[in-house]
Amino acid sequence: MPTRAKLYIVAIVAAGAGLFSAAIVKGFSPRLSIWALYLVFAIVASLVKLRLPGLMGTYSLSSLCFLFGFGRFTLAEILVVACAGAVVQSVCNTKDRPTVVQVLFNMANVTLSIGACSLVLRALSTSGLDTYRPAVMALVASAYFAINTVIVSGILSLL
């Protein structure tokens, strides 16, 4: 693996770990039973992988769970669920066993994507645009997929 690719992976994983740690410090809401149900649902959704005709990769329904979480849970709760979903998605129902670095990169990718979406959501809600909830969620979903794709494309271009 090229040195630039290794540095990119380390930077993404470090940034993801930093964001995850900062969110965890802020804490969880007191609705633990509802969050546990959300966690189980997201893990089950992460097990479902869709293959589109003509494409090599798979797509998971877990991103829909993460987007649902923005309206109901704290950033820390969403990130824990997202990281659990990323581990399940990386390890289960795969052709090849992933390396630890690949799993960490996937977790960091999801963490950074959700963190950026949280900033987008906060910026829109402070500007008063949260009254148009469907449009806001569509923008957040678009931001999630764009950021996620850019991070993955970055490592693929370096490899």
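The following paragraphs lead through the aromatic pairs, the helix contacts and a few individual residues of a predicted model.

The aromatic side chains offer a first route into the fold. Five aromatic pairs are found when the whole structure is searched. One of them joins Tyr8 to Phe105 in a tilted arrangement, with 6.4 Å from centre to centre and 45° between the planes. This pair links distant parts of the chain, since Tyr8 belongs to helix α1 (residues 3–26) and Phe105 to helix α5 (residues 100–126), 97 residues apart. The two partners can be placed by their accessibility. Tyr8 has a relative accessible area of 21% and is therefore partly exposed, because the buried class ends at values under 20%. Phe105, at 8% relative accessibility, counts as buried.

A further pair is formed by Tyr38 and Phe73, and this one is stacked: the centres are 4.4 Å apart and the planes 15° apart. Tyr38 lies in helix α2 (residues 32–47), while Phe73 lies in the loop between α3 (62–69) and α4 (75–91), so the pair ties together parts that are 35 residues apart in sequence. Both Tyr38 and Phe73 are buried. Ring pairs also bring in Phe68, which forms a cluster with Tyr38 and Phe73.

The next topic is the packing of helix α3. Two packed helices are described by the angle between their axes and by the distance between those axes. For α3 and α4, the axes come within 10 Å and cross at roughly 175°. With that angle, α3 is roughly antiparallel to α4, because the antiparallel class covers angles over 145 degrees. On the α3 side, Ser62, Phe66 and Gly69 take part, and they meet Ile78, Val81, Ala82 and Gln89 of α4. Sorted by class, the residues of this contact of α3 with α4 comprise four nonpolar, three polar and no charged.

Ser62 deserves a separate description. This residue is found in helix α3, and its relative accessible area of 3% means that Ser62 is buried. Leaving aside residues up to four places away in sequence, Ser62 touches Ala42, Ala45, Ser46 and Gln89. Of these neighbours, Gln89 also appears among the α4 residues in the contact with α3.

Helix α3 also packs against helix α6 (residues 133–158), where the axes come within 11 Å and cross at roughly 135°. That angle makes α3 oblique to α6, because it does not reach the antiparallel class, which requires over 145 degrees. The crossing of α3 past α6 is right-handed. From α3, the contact involves Ser63, Phe66 and Leu67; from α6, it involves Met137, Val140, Ala141, Tyr144 and Phe145. By class, seven residues of the contact between α3 and α6 are nonpolar, one is polar and none is charged. Phe66 takes part in the contact with α6 and also in the contact with α4.

The path ends in helix α6, with Pro134. Pro134 is found in this helix. Its relative accessible area is 66%, so Pro134 is exposed. Between the C-alpha atoms of Pro134 and Gly154 there is a separation of 30 Å, for two residues that stand 20 residues apart along the chain.

Definitions and conventions. Residues are numbered from 1 along each chain as its sequence is written. This is a predicted model: local features need pLDDT of at least 70, side-chain atom pairs count only at pLDDT 80 or more; totals for chains, interfaces and linings use all residues. Side-chain values use heavy atoms; hydrogens and water are left out. Rings of Phe, Tyr and Trp (its six-membered ring) pair if their centres lie within 6.5 Å; planes under 30 degrees apart count as stacked, over 60 as edge-to-face and the rest as tilted. Helices (H or I, at least four residues) and strands (E, at least two) are DSSP runs, numbered from the N terminus. Buried means under 20% relative accessible area, exposed over 50%, partly exposed in between (1.4 Å probe, protein chains only). Axes are lines fitted to C-alpha atoms, for helices over the stretch in contact, and angles run from 0 to 180 degrees between N-to-C directions. Angles under 35 degrees count as roughly parallel, over 145 as roughly antiparallel, 65 to 115 as roughly perpendicular and the rest as oblique. A crossing is left-handed if the near helix is turned anticlockwise from the far one by less than a right angle, and right-handed if clockwise. Contact means heavy atoms within 4.5 Å. Ala, Val, Leu, Ile, Met, Phe, Trp, Tyr, Cys and Pro count as nonpolar, Asp, Glu, Lys and Arg as charged, and the others, Gly among them, as polar.
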